[in-house]
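Let's take a walk through a protein chain together, one feature at a time. Have the picture open and follow along as we go.

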Amino acid sequence: MITKFYSNKDEIYNTYDKNDLGASYSKESTTFKVWAPAASQVMLKLYATGSSLEEGATVLAIKQMTLDPQTGVWSKTVQGDMHGIYYTYVIQNGNVSSETQDVYSKATGVNSTRSMVVDLERTNPEGWDNDKHILVDEQTKAIVWEIHVRDFSYSNTSGVSKEHRGTYLAFTEENTKIPNTNCPTCLNYLKELGITHVQLNPVFDFGSVDETTGVEYNWGYDPVNYNVPEGSYSTDPYHGEVRIKEFKQMVKALHDNGIGVIMDVVYNHMYSGDDSCFEKTVPNYYFRKQGNRYLNSSGCGNVTASEKIMFRKFMIDSVRYWAEEYHIDGFRFDLMACHDYETMNLIREELDKLDKRILMYGEPWTADAGDNGIAGDASCTKENARKLSCRIGMFNDDMRNGIKGGSDDDTKGYIQGSNFDTYKILSGMLGASSDTFGRWAKRPSQCVTYASAHDNLTLWDKLLKSNWCHNYDTTDPAIIDQNKLSATFIFMSLGIPFMLAGEEFARTKHGDHNSYKSPDNINAIDWTRTIEYKELVDYYKGLIDIRKNFPLLTDATEEAVHKTYMTYNGKVIAGTMANVDAKDGEYKFMAIVMNNTDQKHPFELKSKYELPNRWYVIADHDSASGEAIRAFDNKMEIRPHSAFVIVDADSYDKIHNITDTSVIPYYKVL
């Protein structure tokens, strides 16, 4: 049972369990329902336009709504085809009368102060009925590339048509290239890179960008309407149906090219507390408060109350809506520790009714640990991971810091030569599921392995800062080697690999560690860097290819941890993975070896199983590939600041039908 929380209005309000809140449209009529149990009166106000600034912005009608005292739901049915009509509720709570958009809005006008009745069938692009989710059998088979919609194409280096730069429709343009080159960008680049999913920074309606101008930049972690796509990424924010259709076109284009779509969802706080539709509709209910003070564990002034029955219901309804209506393939929860674990498990159960393969993971922390409003043993932290479904993942910040040091400072991690937090890496390589090296996850499917994300310095900028280099365009081989080592950790570990867009081509934000509202010249992807750092891009491609083709890396079970033997001798990290019951077409052994020192070192693989004498290297200091590069016996040396990924030669020969092993040259044996 979850601990009692501040202002638990569930004790005095009737709640509602049906799924028809909001505007339920048909061509013959639309029924409006709003849960407002504290209100003494609710009026439905109908408008011709989505804002008061537009021509013809007249009030069409004002209608009294009727209360069902058993549920706290006010309703009104209006006859006729209401598609394209805008509406608000005028809600009387005590002495305060507030006009507000619908909590359950599906469409809105510009800047989202008025909701819109929408026939969702009319927003479906051609072929939408045949669009299918892009799903993976295990969460660990996902390879996630995090991108902001505007960053993706805003630069003229994207080759995207000018009218689509920075919009949803940029994702629909195929065969885009860097101007005056034959180098692919955007959608075609992603296909060549080989990632399985894009994670989009918030794409539901947020409040920090004026949709009438679209001039401002923001990451979008300030939601206003949770079930409405953001209008500044559409070609027409004034007509509510346009952003919906264009969002679906983006999803379909990615799906058509075999790429899934993950939404970054921010249910933990809103753009504003007092001015939100939630607070205006039911004061002092949807947010955690102490007296009149909003609690602040989200760091944004108003943490929401996931433990309250009707906000919990809203979260569940909302996630399911995006998965069903927009064919979303996964959800990343911002500041997930602001939420209680019971709510998150219920969301997982609801998604499972659609498909158990829909991804779900989040940040196991808050922005202000002292002001959360729920008991520590109820929140979604790593310490409580075992209370969550093993298919709810969490970002592994311990491994992140072990790999590269602190996110914004000049401290060093393993890849820069430090051995201070090596055990965090050993634990992380085992999906944070190892009793020997440190465990918080039930199994690797709960562990999201990463080195950088939209927050903090990009990996490249962090490497430059920790190496005291001030040239953001450097091609210093030592720093590129560190980037390669980081990538090898991410893709060759048990768990879910995740990377910031451009990590693979040395993306820089010129040292800006918090670019949430910085200009486009800081945030937008510079696609020319895929040329400058082609060696790095090719290395990432190779590692992704390896991960896709060697199932030992994507085993999500706890048993996989027990079959992996990790060693560390103060210089070299080595992990040997075993599948001793390998069937035809499966690899029996695989190993990853890392050297972060300035010296070459000999190494010898170890395992609880008898190891073969012949091995093939599929990734080394210079390149990575799903195909064998070199052969060697059981003892060899590893170069400074480099990695080896190796597989047993006998399995490889059988799988690839190699009869003449002399075609694969040998490394020099020590």
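Which residues are buried in helix 8? Before we look, keep in mind that this is a predicted model. The buried ones are Thr422, Ile425, Leu426, Ser427, Gly428 and Met429. Helix 8 covers residues 422-429, and because six of its eight residues are buried, the rest of the structure largely encloses it. Step just past the end of helix 8 and you meet Gly431, which takes a positive phi of about 65°.

Another glycine with a positive phi turns up in a hairpin. Strand 7 and strand 8 make this hairpin with two residues between them, and Gly94 in the turn has a positive phi of about 60°. The two strands, residues 86-93 and residues 96-100, run antiparallel and are joined by five bridges. To see how they match up, find Gln92: its bridge partner in strand 8 is Ser97.

Now for the rings. A pair of aromatic rings is described by how far apart the centres are and by the angle of the planes. How many aromatic pairs does the structure hold? There are 49. One of them is formed by Tyr189 and Trp527, an edge-to-face pair with 5.2 Å centre to centre and 70° between the planes. This pair links distant parts of the chain, since Tyr189 sits in helix 2 and Trp527 in the loop between helix 11 and helix 12, 338 residues apart. Tyr189 is buried, with a relative accessible area of 3%, and Trp527 is buried too, at 0%.

Next, try Phe247 and Tyr326. Their ring centres are 5.1 Å apart and their planes stand at 75°, so this pair is edge-to-face. Phe247 belongs to helix 3, while Tyr326 is in the loop between helix 5 and strand 17, so the pair ties together parts that are 79 residues apart in sequence. Both of these residues are buried.

Rings can also join up into a cluster. Ring pairs link a group whose members include Tyr13, Trp35, Tyr104, Phe204 and Tyr285. Tyr285 has a charged visitor as well: the charged end of Lys308 sits over its ring, 4.9 Å from the centre. Elsewhere, the charged end of Arg150 sits over the ring of Tyr154, 4.5 Å from the centre.

Let's go back to helices for a moment. The axes of helix 5 and helix 6 come within 10 Å and cross at roughly 30°. Angles under 35 degrees count as roughly parallel, and helix 5 and helix 6 are therefore roughly parallel to each other. Their crossing is right-handed.

Our last stop is a sheet. In what order do its six strands lie? The order is 24-25-26-31-28-29, in an open sheet with antiparallel pairing. Strand 24 and strand 29 stand at the edges with a single partner strand each, so one side of each has no neighbour in the sheet. On average, neighbouring strands here are turned by 25° against each other, direction ignored. Inside that order you can pick out strand 26, residues 589-595, and strand 31, residues 642-648, which run antiparallel with six bridges joining them. For one such match, look at Met590, whose bridge partner in strand 31 is Val647. As you trace a strand, remember that in a regular strand the side chains alternate between the two faces of the sheet.

Key
Residues are numbered from 1 along each chain as its sequence is written. This is a predicted model: local features need pLDDT of at least 70, side-chain atom pairs count only at pLDDT 80 or more; totals for chains, interfaces and linings use all residues. Side-chain values use heavy atoms; hydrogens and water are left out. Buried means under 20% relative accessible area, exposed over 50%, partly exposed in between (1.4 Å probe, protein chains only). Helices (H or I, at least four residues) and strands (E, at least two) are DSSP runs, numbered from the N terminus. Two strands pair if DSSP finds at least two bridges between them. Rings of Phe, Tyr and Trp (its six-membered ring) pair if their centres lie within 6.5 Å; planes under 30 degrees apart count as stacked, over 60 as edge-to-face and the rest as tilted. A charge sits over a ring if NZ of Lys or CZ of Arg is within 6 Å of the ring centre and within 35 degrees of the ring normal. Axes are lines fitted to C-alpha atoms, for helices over the stretch in contact, and angles run from 0 to 180 degrees between N-to-C directions. Angles under 35 degrees count as roughly parallel, over 145 as roughly antiparallel, 65 to 115 as roughly perpendicular and the rest as oblique. A crossing is left-handed if the near helix is turned anticlockwise from the far one by less than a right angle, and right-handed if clockwise.
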